[in-house]
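Hi there,

Here is the structure I promised to pass on. Have a look through it when you get a moment, and then read my notes below.

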Amino acid sequence: MWAALVHVGYWLVLLLAVPAAGFLVRLFLIQHDCGHSSVFRRQWANDWLGRVLGVITLTPYDHWRRTHALHHAGSGNLERRGIGDVATLTVREYRALGRFGRLRYRLYRHPAILFGIGPLFVFVLHHRLPIGFMQSGAMHWTSTMGTNAAIAGVTAVLIWIVGVGPFLAIHGPIAFLGAAAGVWLFYVQHQFEHTYWDAPPSWRRPVAALEGSSHYHLPGVLRWLTANIGIHHVHHLSSRIPHYRLPEVLRDHPELDAMNRLTIADSLRSVRLSLWDEDRRRLVPFSTARLS
């Protein structure tokens, strides 16, 4: 991409940023497998590969691993929302808000915010400081600051080699596209019409795993770039299964292949669904809250 910038033109840099962002997504998902201890047999090997990849993906590995474990432990639980998920209100909660609260939630759920500004916020700002976890132990601070220092060091070397302008022109589109794709995948994995939310004592983790996580059916190239994370219902049911063995589970258990299956067209239609209707037990658009 640097050679393209110097000898061809910026249009080729932008074109190459698309597959480069795809490779960045795959690295993040290998890091994700490290967080679930499913890459190597030994935990220290998983952790150190995860930490190295975290510098490339702008993600403090140890801090992220802990918060991601909380996501797995409470996914679909209405009383454990707010950590590692896309904020989702129930219809009753939305109706109880004032005008400003409704406007704020509607802005948050707008696609331009979720998939445009959201990725920049998460990977440029949110991952740089463990806000909300300052009192949860030194690990969160050490992980975040250590990753920040390593990112600063790598960035300084690259800027010394190519210059500030070329670095931003090349790495900026890769990081943004990769982050946007990552946020989109995370959204699609749990935000679809017939997902699952419940409150204790009715909430059950295995049910939440299977019914509250999608099977995002993607073309072969995209399945490889996303490390089969689209088989998310199986991943949530048993997170220690490495990504390259998830298709074997679908082959051996065909009933799982059709469960919560989403195509790309289905996933695009799900963007308009923003509220959990506790009576109908499905995600619904804002218009439902106005009409009922």
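What follows is a short account of helix α2, its partner α3 and the annotated spans.

This is a predicted model, in which local features need pLDDT of at least 70 and side-chain atom pairs count only at pLDDT 80 or more, while totals for chains, interfaces and linings use all residues. Residues are numbered from 1 along each chain as its sequence is written, and side-chain values use heavy atoms, leaving out hydrogens and water.

Let's start with α2, residues 10-35. Helices here are DSSP runs of H or I, at least four residues, and strands are runs of E, at least two, numbered from the N terminus. With 26 residues at 1.5 Å each, α2 should span 38 Å (1.5 Å times one less than the number of residues), and its end C-alpha atoms are 36 Å apart, which agrees. A kink of about 30 degrees sits at V18, shortly before the proline P19; the bend is the angle between axes fitted to the seven residues ending there and the seven starting there. Just after α2, S37 has a positive phi of about 60 degrees.

Next, the packing: α2 and α3 (residues 43-57) meet at an angle of about 150 degrees, with axes 8 Å apart (axes are lines fitted to C-alpha atoms over the stretch in contact, and angles run from 0 to 180 degrees between N-to-C directions). That makes the pair roughly antiparallel (over 145 degrees). Contacts (heavy atoms within 4.5 Å) involve, among others, L24 and F28 in α2, and L49 and L53 in α3.

Over residues 138-161 the chain is 100% helix and 0% strand, with end C-alpha atoms 35 Å apart.

Best wishes

Methods
Angles under 35 degrees count as roughly parallel, over 145 as roughly antiparallel, 65 to 115 as roughly perpendicular and the rest as oblique.
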